[in-house]
Amino acid sequence: MQIIDTHAHLYTTEFDADRPAVMEAAVRAGVGPILLPAIDGATHEAMLRVEAEYPVCKAMMGLHPCHVKENYEEELKLVQEYLARRPFVAVGEIGLDFHWDTTFMEQQYDAFHRQIRMALEYGLPISIHSRKATEESIEVIRQYPGLRGVFHCFSGTTAQAEALIGLGFYLGIGGVVTYKNSDLGQVIGAVGLSNVILETDAPYLAPVPKRGKRNESAYLTFVIDKISNVLGRGAEEISKITTENAKKLFVLS
């Protein structure tokens, strides 16, 4: 059974002490490829080192909205330089985050639009971070016909999911679907698996029964089990469908 983790920050310091074991556990669980979303210039080189050391990993490039600050012009220039230098599987993670701080809201929008244009220039999908900004992010992508990508850590309504699917986008589903207070099970039950891909967002959002601990790619099996229970379909089928979806979106072999 092959499982693709479409969003994992395995290059961050949380994994420095035991990264080889984490990678080995992922491979044993059937997880791979593992896609690494970028954060900002302070972590790009660490991400690329992990990608070089572990062939199962494939990097994205982008500026995370929470890291859009006073120097965001320099950060966007760096993103553009990397994209011109070598191939990446996507532009991400990019988007809008209005959860903690809206000081740089205008700059977040600007960075989002400019990175979308970069993705279109290079023919790449985007991975969207949209915390407390799902409707706003949908309105942005409506402006770009032909754009493709995923709403990472999707947590919206059935209506929002249907709107995104209608725009050709995918829903990134991870550990949150296993949480007792989550409505994602009902959303997936309503829209089906045609536009669902799996992710961990490691080291964050570990699924039940690992909730509260560091997340890792091997834990995707718990997400598959939950979706299997919700839909009444076998884990093998869930894995196959979501894996094919990820291969199609990110052009993976």
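**Reading a predicted model through its definitions**

Biologist: Why is His 113 called buried?

Modeller: His 113 has a relative accessible area of 17%, and buried means under 20%, exposed over 50% and partly exposed in between, with a 1.4 Å probe and protein chains only; the value therefore places His 113 among the buried residues. This is a predicted model, in which local features need pLDDT of at least 70 and side-chain atom pairs count only at pLDDT 80 or more, while totals for chains, interfaces and linings use all residues. Residues are numbered from 1 along each chain as its sequence is written, and side-chain values use heavy atoms, with hydrogens and water left out.

Biologist: Where is the place of His 113, and what is His 113 in contact with, leaving aside its neighbours within four places in sequence?

Modeller: His 113 belongs to helix H4, residues 105–122, where helices (H or I, at least four residues) and strands (E, at least two) are DSSP runs numbered from the N terminus. With neighbours within four places in sequence set aside, His 113 is in contact (heavy atoms within 4.5 Å) with Val 140, Gln 143 and Tyr 144.

Biologist: What makes His 99 partly exposed?

Modeller: The relative accessible area of His 99 is 24%, a value in the range between buried and exposed, so His 99 counts as partly exposed. His 99 sits in the loop between E4 and H4, and, residues up to four places away in sequence not being counted, His 99 touches Arg 131 and Lys 132.

Biologist: Why does Lys 132 count as exposed, and what is phi of Lys 132 near?

Modeller: Lys 132 has a relative accessible area of 57%, which passes the limit for exposed, and so the word applies. Phi of Lys 132 is near 55°, a positive value in a residue other than glycine, and Lys 132 lies in the loop between E5 and helix H5 (134–141).

Biologist: How do you know that Ile 126 counts as buried, and which residues does Ile 126 touch?

Modeller: Ile 126 has 0% relative accessibility, so it meets the condition for buried. Ile 126 is found in strand E5, residues 126–131, and, apart from residues up to four places away in sequence, the residues that Ile 126 touches include Val 91, Ile 94, Phe 112, Leu 147 and Phe 169.

Biologist: What makes Arg 214 and Asp 18 a salt bridge?

Modeller: A salt bridge is a side-chain nitrogen of Lys or Arg within 4 Å of a carboxyl oxygen of Asp or Glu; the closest N and O atoms of Arg 214 and Asp 18 are 2.8 Å apart, and so the pair qualifies. This pair links distant parts of the chain, 196 residues apart, with Arg 214 in the loop between strand E8 (196–198) and helix H8 (220–231) and Asp 18 in the loop between strand E1 (3–5) and helix H1 (19–28). Arg 214, at 25% relative accessibility, counts as partly exposed, and Asp 18, at 26%, also counts as partly exposed.

Biologist: How many salt bridges does a search of the whole structure find, and how do you know that Arg 86 forms a salt bridge with Glu 51?

Modeller: The search finds 10 salt bridges. In the pair of Arg 86 and Glu 51 the closest N and O atoms are 2.7 Å apart, which satisfies the limit. Arg 86, in the loop between helix H3 (72–85) and strand E4 (91–97), and Glu 51, in helix H2 (residues 44–53), are 35 residues apart and link distant parts of the chain. Arg 86 counts as partly exposed at 26% relative accessibility, whereas Glu 51 counts as buried at 15%.

Biologist: Why does the radius of gyration of the protein agree with a compact globule?

Modeller: The radius of gyration is taken over C-alpha atoms, and the globule rule is 2.2 Å times the number of residues to the power 0.38. With 253 residues, a compact globule would have a value near 18 Å, and the protein has 17 Å, which agrees. The C-alpha atoms fill a box of roughly 45 × 40 × 35 Å along the principal axes, and 56% of the 253 residues count as buried. The secondary structure comes to nine helices and eight strands.
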